[in-house]
Amino acid sequence: MAAAGAEAAAVAAEEEKRLPEGDPESGGDSEDEGDSDSSGDGEDEEKENEAEIQRLEEQLSINAFDYNCHLDLIKLLRQEGELVKLRRARQKMSELFPLTEEIWLDWLKDEIKMASESSEREKVYELFERAVKDYICPEIWLEYAQYSIGGIGQEGGIEKVRSIFERALTAVGLHVTKGTALWEAYREFENAILETAQPAPGSVPSPEQQQMLCSQLEKIHTLFRRQLGIPLLDMEASYAEYEEWSEDPIPEPVIKNYKKALQQLEKCKPYEEALLGAETPKLAEYQAYIDFEMKAGDPARIQLIYERALAENCLVPDLWARYNQYLDRQLKVKELVLSAHDRAVRNCPWTVGLWIRYLLAMERHRVDHGIISEMFEKALNAGFIQATDYVEIWQAYLDYLRRRVDFTQDSSKELEELRSAFARAVEYLKQEVEERFSESGDPSCTIMQNWARVEARLCNNMQKARELWDNIMTKGNAKYANMWLEYYNLERAHGDTQHCRKALHRAVQCTSDYPEHVCEVLLTLERIEGTLEDWDAAVQKTENRLARVNEQRAKAAEKEAALAKQEEEKAEQRKQARAEKKASKKAKKARIGDKRKADDDDEGEWGQEEEEQPSKRHKGDGDGVLPEEDMEVETGLFGRSGPEKPDHPANQKEKASTSRKDIPKVLHDSSKDNVTVFVSNLSYNMADPEVKLKELFEGCGEVVQIRPVFSNKGTFRGYCYVEFKEEKSALQALGLDRKVVEGRPMFVSPCVDKNKNPDFKVFRYSTTLEKHKLFISGLPFSCTKEELEDVCKAHGNVKDIRLVTNRAGKPKGLAYVEYENEAQASQAVLKMDGLTVKEHVIKVAISNPPLRKLPDKPEAGRASQFAVPRQVYGARGKGRTQLSMMPRALQRQTNPVAKAENGMVQNSPATSSEPPEEPKKMSNADFAKMLLKKALKCRFYLYSPCPGKTSTLCKDRTTFLIYCLLSLSAVIGT
C-alpha cells in the first residue's frame, strides 16, 4: 500500500508539472515576454490537437476499422492527458483489433499508476487477462507476474502469484531467447519466500517451520530442474547457478536432461541467429523455423513458434490460416482453437477465408447457434474488398444452417430459418454488394441454384425450385447452355418428363453459346421417351434453330472478315502514306542538290576522279540548306580546293558511323545464352555504347564482351548483348531492368532464342490480384515519385512506388503503390479514391490487372487473302546495297508487274484489289516535255552512287549515258 501511495504521489507531482506557469497553484505570475509567447504557442498547439482529435473521432465514426486512425487518436489523447477519453479509445480499439505489445504495455502502465484501491487492482488484473490473450508476449507475462507480487499481502496472494507464474511458463517458458527471464523471476520470488520463512538467528525452528522450509527448498529445486530440461539461451549459467546454490550434488537424470536440452539448443541456434540477423517481416526465417519444429513434432514448441511469428506478422492472413489449420487438425483444444480463430479475424478482418474457418471451427466445437449467428453478422460488416467474398461467406453460413435442419420433418424452425436466410442472401447481394461494387459477385446465381437444389432434393418442393430457376434465367443466364442443362438435370432427377421437355425446348430457343449441345440432349430425350410426334417436333425445332444459328454465324464471319479487310486496307494506306512521305522528302533533297549543282559549269569535268565521296546527311542533322563545311566538300568534286576547316559535329558522327561499317559483324553464340543478357530500348544517339554499358554492368560481375548492334549505315540501333563470365552475374544484371539511362528506361531480359521459344515472355511485375498493392490512374504527368509517396504514406507504410512510363520514359499518369499489408491497402483505397492531386481526380483500386489478350495464330495451311507475295532475297534478306538500277524518281508507283533487270529481281508493289487503270496516252509534245524533265533530273544522279554499288561514282560519260538509257527505257516501258 505504501508503494501504491508513492506512485499516486508521483502522479500528482507529474500533474503539477503540467500546470501552466500562470496558474495560481504553480507559485506566482511570470512577467517574462518569452514565457508569455511560449504559453501562447502552447495554447495554439492545444487547439490544434483538439481539432485533430475531433477529426479522428469523426473518421472513426464513419469507418471503425481504420487501424491507423485508432493509433493516432490514442497517441494524441495520451499526449493531452485526457485519461477518460484515452481509456474509452483504447477500449474501442481492443474490441475490434488485438493490440500490439507496445500498446498493451502503455495502457497497463497508465492503469497501474491510477490503481490505488483493491477494486481498481482487480480491474488491472482483468486488463492483464485480456492482454495475454491477444498475443503470447513474454514482456506482458513478466509485467503481469511482477504486478501480482504487489498484492501478496492480500488473502491468497502468494498462491495467486504462483498461479500466474505457472501460466506464464506454460505460455512462454519455452521461448529460447526470452524464456530465461521468467524462470529467473519465478525463482527469485520463491527465494524471497524462503528468506521470510527462515527462523530468527539463534532460534530453533519448530517442526512446522522445518516442514515449510523443506517444502520451499523442494519448490526451488524443482524450478531449477524444470528449467535445465528446456533448451534456453545461457543454459550454462543456469546450470552453474544451480550447482552453486544446491548443497547436494545434481542428480544424474537432471544432468542427462540438461545435456539433451543443450543438444536441442544447438539445433535451434541457427534459426534463432537467422531471426536476429533478418529484417522485418522475417517470414521466410520464421517459416523455416516452423518447418523444423514440425519435423520434431512437439506441439507446445510448434504453437510457440507460430505465436512468435504472428506477434511480428499479425497482418499476414496466410500465416494465420496455416496456424489455425494446425490447431484444427492436431491439437483440437476448444479454448485454444477458438481463441486463435478469433484473433485471426480481428487482425485480418478483410480476409473472408479466415471468417469461414472460424465459423466452421465454432460449429465443430458445438458453439451456441446465437453466438455463431452473431459472428456471421460481424463478418458481414468486416469490409471485404471483393464482391465474391460476400458470396463465399454467405454460402458458408447457409451450409451451416442447412446442416442444422432435420429434413425428415415436413416443417421446422430451422428449415424456416434456412429459407429466410437464402432469401436474405439474395437480397443482400442484390442491394448492399451491388451498390458498393457495381456487381453482385454472383453472376451465375450459385446461391439461388443451391436453394433450388435444397428445395427439390431435400424438401421435395419442385414448384419452388422451378420458380427459383425461372428467376435465375431472367437474370441473363438463359443464353448459356450449361445453365439450362443444370436445370434439366434437376428436373430429370426430381421432376417429370413434361417439364424436362419444356425446359429443353426453351433452351433450344434461347441458348446462344452451344446450341448444338442442347439440341443433341433434346433429341436424346425424345429418342428414349418421346412419341413420333414429339420426335418430329424436336427434329423440326432443332433444324430450324441450327439453320438460324449457322446463318448468324456466317453473317458474323462476313462482318469480321470485312472489318479485317478494312484494317488491312487502312494498314496499307498508312504504309503507302509513309512511303510517299519518305519519297517526297528524298525528292526535296534531290531538288536542293539539283539547284545547287546547276550553278556550276560541269561540261568538261565529268571524267575527273575524286578520292572523297560526299557524306549523306542524317535526319535531324540540319535543315534544307547545307552547312558551310559541306559546301566546301561539294566544290571539291570539281577540282576546286577550299580552306580546311575543323569537322562539324554531324560530320564526326558520320565518320564514326562510317568507321563502324567496316567492323566485321559477329554472330551471337546461342551456347552462351546463360551468361548473356539482352539489353534494349536504349537511346539511338548514345555515344560509345560499349563504354557506357560496361560502366553500368561492371557492378554485376566481370563483363567479357558487349556487342552493340548497328545498322548498315553504322548507326546504333538501340540494343545490344552483354556477355558475362559467370551465370550469377547475368542473373544479377536482370535487376537493372527498367533502370533509366539517358532519359529512357533500359530493358534487361534473359537472352532467349525466340525462334526456339516463341512463347517466351519476360514481365517483371505480377499480373494477378495483389491485395496489398494499389493501382492509381489519372495522375498528372508532372507528379513525381516523392510527391505520390507523400500522399500515400499517410495511410500506411509504403514499401514501393512504381510510376508507369512508356518506352521513351515519359509518364503515362499511372502508378502502382505497394503497402506492407492488405489492411493498409484497403484503407488507402477508401481514403484516396476520388482524391484531387494537382487538379486531377485520381482513381484508386486494388491491383488486379486484366488478362492479356494473346494474338490469334493463323491457321496452318490457310493463306491470308491479303498476303503480299514474298520476294526472294539472299540469305541475309534484302540489304541496303541491293538497289534498283532505276532511280526512285523514275519508278512507276502503280506498275504491278515485277521486272528483272541486270539479273536483279525488283520489288513489285502490293497487289491491289482493284484492277490497274489504263495508262494515259501522250502526244509527242507531252512526251518531249516529260523526257526533258526526266533528263534534267538525271544530272543529279551523276554524282550519286551507281546502281548496285556503294562506294564508287559514275566516273565517265559512258556510265552516265547507260544510266540515262535505262531511265528512258523505264519511261517508255520497254
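The secondary structure of the chain amounts to 34 helices and 13 strands. The model is predicted, with a mean pLDDT of 79 for the chain and 74% of residues at 70 or more. Confidence is not uniform along the sequence: over residues 855–886 the pLDDT stays under 50, and the model has 34 contacts beyond four places in sequence for these residues. A further stretch with pLDDT below 50 covers residues 938–955, which has 42 contacts in the model beyond near neighbours in sequence.

The chain has 974 residues, of which 36% are buried. Among contacts with a separation of 6 or more, 61% are accounted for by residues 24 or more positions apart.

The largest nonpolar core comprises 161 residues, and the members that touch the most others are Ile140, Ile393 and Trp394. Helix H19, spanning residues 387–404, supplies the largest share of this core, with 10 residues. For Ile393, the contacts outside its neighbours within four places in sequence are Val352, Trp355, Ile356, Leu359, Phe376, Ala379, Leu380 and Phe384. A second core, separate from the one above, holds 20 residues, including Val677, Val679, Cys720 and Leu736.

An open sheet is formed by 5 strands in the order E2-E3-E1-E5-E4, with antiparallel pairing. Its edges are strand E2 (703–710) and strand E4 (739–741), each of which pairs on one side only. On average, neighbouring strands of the sheet are turned by 30° against each other, direction ignored. Helix H29, residues 689–697, packs on this sheet and touches strand E1 (676–680), E2, strand E3 (716–724), E4 and E5; the direction of H29 makes about 140° with that of E2.

Within the sheet, strand E5 (residues 744–750) pairs with E4 in the antiparallel sense over 3 bridges. The pairing of E5 with E1 is likewise antiparallel and runs over 4 bridges. Individual bridge partners can be assigned on both sides of E5. On the E4 side, Val741 is the bridge partner of Arg744 in E5, and Val740 is that of Pro745. On the E1 side, Phe678 stands opposite Ser749 in E5. The hairpin of E4 and E5 has 2 residues between the strands, and in this hairpin Glu742 takes a positive phi near 55°. Strand E5 is mostly covered, with 5 of its 7 residues buried.

Cysteine residues were examined for burial and for cross-linking. Cys500 has a relative accessibility of 1% and therefore counts as buried. Cys700, at 10% relative accessibility, also counts as buried, because the cut-off for burial is under 20% relative accessible area. A disulfide is a covalent bond between the sulfur atoms of two cysteines. The number of disulfides found in the model is 0, where the criterion is a pair of cysteine sulfur atoms within 2.5 Å.

Definitions and conventions
Residues are numbered from 1 along each chain as its sequence is written. This is a predicted model: local features need pLDDT of at least 70, side-chain atom pairs count only at pLDDT 80 or more; totals for chains, interfaces and linings use all residues. Side-chain values use heavy atoms; hydrogens and water are left out. pLDDT is the predictor's confidence in each residue, from 0 to 100. Contact means heavy atoms within 4.5 Å. Two strands pair if DSSP finds at least two bridges between them. Axes are lines fitted to C-alpha atoms, for helices over the stretch in contact, and angles run from 0 to 180 degrees between N-to-C directions. A nonpolar core is a set of buried Ala, Val, Leu, Ile, Met, Phe, Trp, Tyr and Cys residues joined through side-chain atoms within 4.5 Å. Buried means under 20% relative accessible area, exposed over 50%, partly exposed in between (1.4 Å probe, protein chains only).
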